[in-house]
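Colleague: Could you take me through how burial, contacts and helix packing are read from a model such as this one?

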Amino acid sequence: MRKRNIIISSVIAIIIIGTGILYYHQATRFNANIKINDTKVGGLTAEQALKKLKGTVLKNEVYVGQKKIFNGKDSKMGFTKNDLTSVEKILKKQQTFFPSSREKNYLLVPKKQDQYRSTTMKKEVKAKLLSLNKSLKAPVDAEAHLEQGNMTVSKSKNGTKWDVAKLLKDYQRHKYSSEIHLKPVYIQPVRENSQIVKQEKKLLQKLLQQTIAYQLQNKVYSLKASELIKNASVSKNMKYTIDTTELNAKIAEINKSQSTLGKDYTFKTHSGSLIKVKGETFGWAIDVDKETEMLKKAFEKGKRSVEAEHIYGIGWTTRGTGYNTTTNYGIGDTYAEVSIKEQRIWIYKNGKLQVTSNVVTGRHNTHEDTPPGVWYIMYKESPSILEGSEVGNLNYSVKVKFWAQFTNGGVGFHDASWRSNWASNAYLEHGSGGCVNTPLNVMESVYASLIQYEPVVVY
């Protein structure tokens with residue numbers, strides 16, 4: 001009986017000692033399949049594990065899927081003796097009473113972090129990803145379009161370009177892996193049922209509902225987007241892209257019907273008769289392309305009314321003359337009338353005759369006639385020196401007291417102190433070089449009555 005008790009006691013002692021030895025081993029060693037930062041530390045003590053971590057060389061190779069895209073310089077994790085406490089905490093955390101084969105990889109950041117991995121290498125990897133992306137196929141977004149007046153949505157298509165931002169976020173999670181394996185993540189296109197496409201359709205519908213009251217002189221035109229905008233789209237930042245073909249054609253049509261530049265004027269002479277006179281410098285027109293662009297922006301901003309802005313003319317001023325005049329067939333009630341046949345001028349202001357006088361116009365037999373047409377007073381100067389040429393006098397320079405030019409070629413009203421022949425037929429063989437010679441005793445009144453940019457009608 002005593003011998004049996006001794007055997008039992010011995011077995012118990014052996015079990016207790018074995019258990020103690022096992023517990024001590026488990027308390028001081030990592031389980032078999034434990035990793036720290038992808039480095040195997042199974043079976044090692046905390047000190048041994050730290051030593052291995054300190055000596056581990058990182059290859060710094062980066063893969064996207066199976067493709068190696070970067071091979072950095074070798075480096076170490078940067079562990080020091082100051083990290084022992086952190087390793088011991090992981091040892092305690094993974095501890096089990098009995099040995100475990102469970103796999104576990106712990107991430108441990110050294111107190112003294114490696115700047116190559118977190119800063120330098122990260123920038124290089126980003127640059128490499130962006131560079132490689134240039135040769136990859138971009139995704140195609142679904143987009144709402146207005147095509148020939150109908151709403152359509154184009155189909156989206158997948159691409160092969162990587163989503164660099166997400167790959168770099170994944171990179172952060174592999175900060176201490178010798179080889180960094182990133183799961184391929186691709187830039188996704190905007191899909192047909194996305195909120196973005198729905199918003200695009202909403203904006204295009206809003207565009208189509210717009211109408212602009214477009215004022216040109218005293219007329220107002222109703223410009224409807226549904227009639228003039230057949231093709232349009234909306235960009236990612238919700239800005240319109242509008243095909244202005246129909247809008248441009250509409251403005252060109254309006255310009256053709258209403259502008260006066262280069263067109264024939266109906267003119268009521270001093271005697272009351274109506275004649276046709278070709279418009280020369282006097283008149284205005286729309287810059288169709290600039291006006292179209294202005295109206296396009298007005299549609300984009302949702303404006304309801306717009307006044308014409310881009311009016312032009314020719315000659316001394318490019319703003320356009322007569323735009324604000326709609327009476328008297330567009331010539332108005334303030335103008336100078338020159339009759340070549342009658343060799344006389346009439347100056348009107350606000351419909352009232354200010355002055356009239358006999359004149360001598362351009363010499364007819366040498367084809368230096370004063371050019372007929374509707375012109376305007378470009379500028380006035382008193383006194384002035386006239387320089388030019390005429391038949392029989394190739395290089396003249398004369399002084400006059402009053403000068404008012406009305407053609408681009410240098411024709412105007414002026415006094416002519418040298419002239420003695422003021423007969424009504426003098427212009428036929430003894431006329432001027434093209435100007436309207438006016439007697440000095442009346443020229444001062446003529447000069448005072450002529451107004452810059454007002455029409456001069458020569459017929």
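Modeller: This is a predicted model, and a good place to begin is Thr361, which has a relative accessible area of 0% and is therefore buried, since buried means under 20%.

Colleague: Where is Thr361 placed in the chain, and what is it in contact with, leaving aside its neighbours within four places in sequence?

Modeller: Thr361 is in the loop between strand 22 (352-358) and strand 23 (373-376). Apart from residues within four places in sequence, Thr361 is in contact with Val338, Ile340, Gln343, Thr370, Tyr427, Gly431, Ser432 and Cys435. With Gln343 there is also a polar contact, in which the two side chains are joined at 2.8 Å.

Colleague: Ala426 is another residue to read in this way; is Ala426 buried or exposed?

Modeller: Ala426 has a relative accessible area of 2%, so Ala426 is buried. The residue belongs to helix 10 (residues 426-430), and, with neighbours within four places in sequence left aside, Ala426 is in contact with Val360, Asn421 and Gly431.

Colleague: How should I read separation along the chain against separation in space, and what are the values for Ala426 and Asp369?

Modeller: One takes the two values side by side for a given pair. Ala426 and Asp369 are 57 residues apart along the chain, and their C-alpha atoms are separated by 12 Å. For Tyr323 and Asp369, which are 46 residues apart along the chain, the C-alpha separation is 29 Å.

Colleague: What surrounds Tyr323, and why does Tyr323 count as buried?

Modeller: Tyr323 counts as buried because its relative accessibility is 14%, and the cut-off for buried is under 20%. Tyr323 lies in the loop between strand 19 (311-312) and strand 20 (335-339); not counting residues up to four places away in sequence, Tyr323 touches Gln215, Leu216, Gln217, Trp284, Ala308 and Ile311.

Colleague: Which backbone atom does the side chain of Thr56 reach?

Modeller: The side chain of Thr56 reaches the backbone oxygen of Lys52, at 2.6 Å. Thr56 is placed in the loop between helix 2 and strand 3 (57-58), and at 16% relative accessibility Thr56 counts as buried. Beyond residues up to four places away in sequence, Thr56 touches Thr39, Ser75, Lys76 and Met77.

Colleague: Turning to helix packing, at what angle do helix 2 and helix 3 pack, and how far apart are their axes?

Modeller: One reads the angle and the axis separation together, then the handedness, and then the residues in contact. Helix 2 (residues 46-55) and helix 3 (residues 84-94) pack at about 120°, with axes 9 Å apart, and the two helices are therefore oblique to each other. Helix 2 passes helix 3 in a right-handed crossing. From helix 2, Ala46, Glu47, Ala49, Leu50 and Leu53 meet Leu84, Val87, Glu88 and Leu91 in helix 3; these contact residues divide into seven nonpolar, no polar and two charged.

Colleague: What do the same steps give for helix 8 and helix 9?

Modeller: Helix 8 (residues 245-258) and helix 9 (residues 288-301) pack at an angle of about 125°, with their axes 9 Å apart, and are therefore oblique to each other. Their crossing is right-handed. Helix 8 contributes Leu247, Asn248, Ile251, Ala252 and Asn255 to the contact, while helix 9 contributes Val288, Asp289, Glu291, Thr292, Leu295, Lys296 and Phe299. The residues of the contact of helix 8 with helix 9 divide into six nonpolar, three polar and three charged.

How values were computed
Residues are numbered from 1 along each chain as its sequence is written. This is a predicted model: local features need pLDDT of at least 70, side-chain atom pairs count only at pLDDT 80 or more; totals for chains, interfaces and linings use all residues. Side-chain values use heavy atoms; hydrogens and water are left out. Axes are lines fitted to C-alpha atoms, for helices over the stretch in contact, and angles run from 0 to 180 degrees between N-to-C directions. Angles under 35 degrees count as roughly parallel, over 145 as roughly antiparallel, 65 to 115 as roughly perpendicular and the rest as oblique. A crossing is left-handed if the near helix is turned anticlockwise from the far one by less than a right angle, and right-handed if clockwise. Contact means heavy atoms within 4.5 Å. Ala, Val, Leu, Ile, Met, Phe, Trp, Tyr, Cys and Pro count as nonpolar, Asp, Glu, Lys and Arg as charged, and the others, Gly among them, as polar. Buried means under 20% relative accessible area, exposed over 50%, partly exposed in between (1.4 Å probe, protein chains only). A polar contact is a pair of N or O atoms within 3.5 Å; within protein, one must be able to donate a hydrogen and the other to accept it, and residues adjacent in sequence count only if both atoms are side-chain atoms.
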